[in-house]
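Subject: Handover of a structure

Dear colleague,

I am pleased to hand over the structure shown below. Please look through it before reading the notes that follow it.

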Amino acid sequence: MTEVIIAIGSNTNQKNNIELADVYIKELFNKEQIEISRSVWTKPIGIKSDLFLNQIIIFYTLCNYETVCNRLDIIEKRMHSSSELKRSGIVYIDLDILKFGNKIFHENDWQRDYIKTLLSEF
């Protein structure tokens with residue numbers, strides 16, 4: 001089993017979108033040992049927008065990296081997220097893999113206070 005850590009964020013209809021993303025993640029990963037952090041509000045970084053609601057999800061899977069990425073892309077598409085909307089400041093849902101097994105991604109995100117806090121609570 002491979003440990004996967006995902007950062008989730010939304011700045012549009014935040015509570016509903018975070019809850020829906022949680023449901024989709026559980027659905028697409030067959031509820032494989034999934035732990036979900038509490039949600040925290042943060043100010044936007046690098047865009048003008050409403051506040052973001054954020055979570056961290058940790059799960060263990062037999063899926064490979066490409067399968068996990070594809071499933072997260074499916075969720076973003078189901079929730080009508082797109083690069084164009086994100087560039088215009090509308091983020092229905094953003095799902096970023098922070099860690100897959102021993103490989104670390106989005107290294108700058110690891111320095112954000114809310115990520116450090118949420119990870120320390122697991």
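The paragraphs below set out what was found, beginning with one strand and its partners and then turning to a pocket.

Please note that this is a predicted model.

Strand β1 covers residues 2–10, and 7 of its 9 residues are buried. Strand β1 is thus a mostly covered element. On the pairing side, β1 has an antiparallel partner in strand β4 (residues 52–61), with 9 bridges between the two. Within this pairing, T2 of the chain stands opposite T61 in β4. Strand β1 also runs antiparallel to strand β5 (residues 94–100), to which 6 bridges join it. There, G9 has D94 of β5 as its bridge partner.

The second topic is the largest pocket. Its volume is about 400 Å³. The lining consists of 19 residues, of which I45, F52, D94, D96 and R112 are the closest to the centre of the pocket. Four elements, namely β1, β4, β5 and α4 (113–120), each give two or more residues to this lining. The largest contribution is that of β1, with 3 residues. Sorted by class, the lining holds 9 nonpolar, 6 charged and 4 polar residues.

One residue links the two topics: D94 is the bridge partner of G9 and is also among the lining residues closest to the pocket centre. Likewise, β1 pairs with β4 and with β5, and these three strands are among the elements that line the pocket.

With kind regards

Definitions and conventions
Residues are numbered from 1 along each chain as its sequence is written. This is a predicted model: local features need pLDDT of at least 70, side-chain atom pairs count only at pLDDT 80 or more; totals for chains, interfaces and linings use all residues. Side-chain values use heavy atoms; hydrogens and water are left out. Buried means under 20% relative accessible area, exposed over 50%, partly exposed in between (1.4 Å probe, protein chains only). Two strands pair if DSSP finds at least two bridges between them. On a 1 Å grid over the protein atoms alone, a cavity is a set of points where a 1.4 Å probe fits but cannot get out, and a pocket is an open set with protein on both sides within 12 Å along at least five of seven lines; lining residues have an atom within 4 Å of a point. Grid points are joined across faces, edges and corners, and a volume is the space filled by probe spheres set on the points. Ala, Val, Leu, Ile, Met, Phe, Trp, Tyr, Cys and Pro count as nonpolar, Asp, Glu, Lys and Arg as charged, and the others, Gly among them, as polar.
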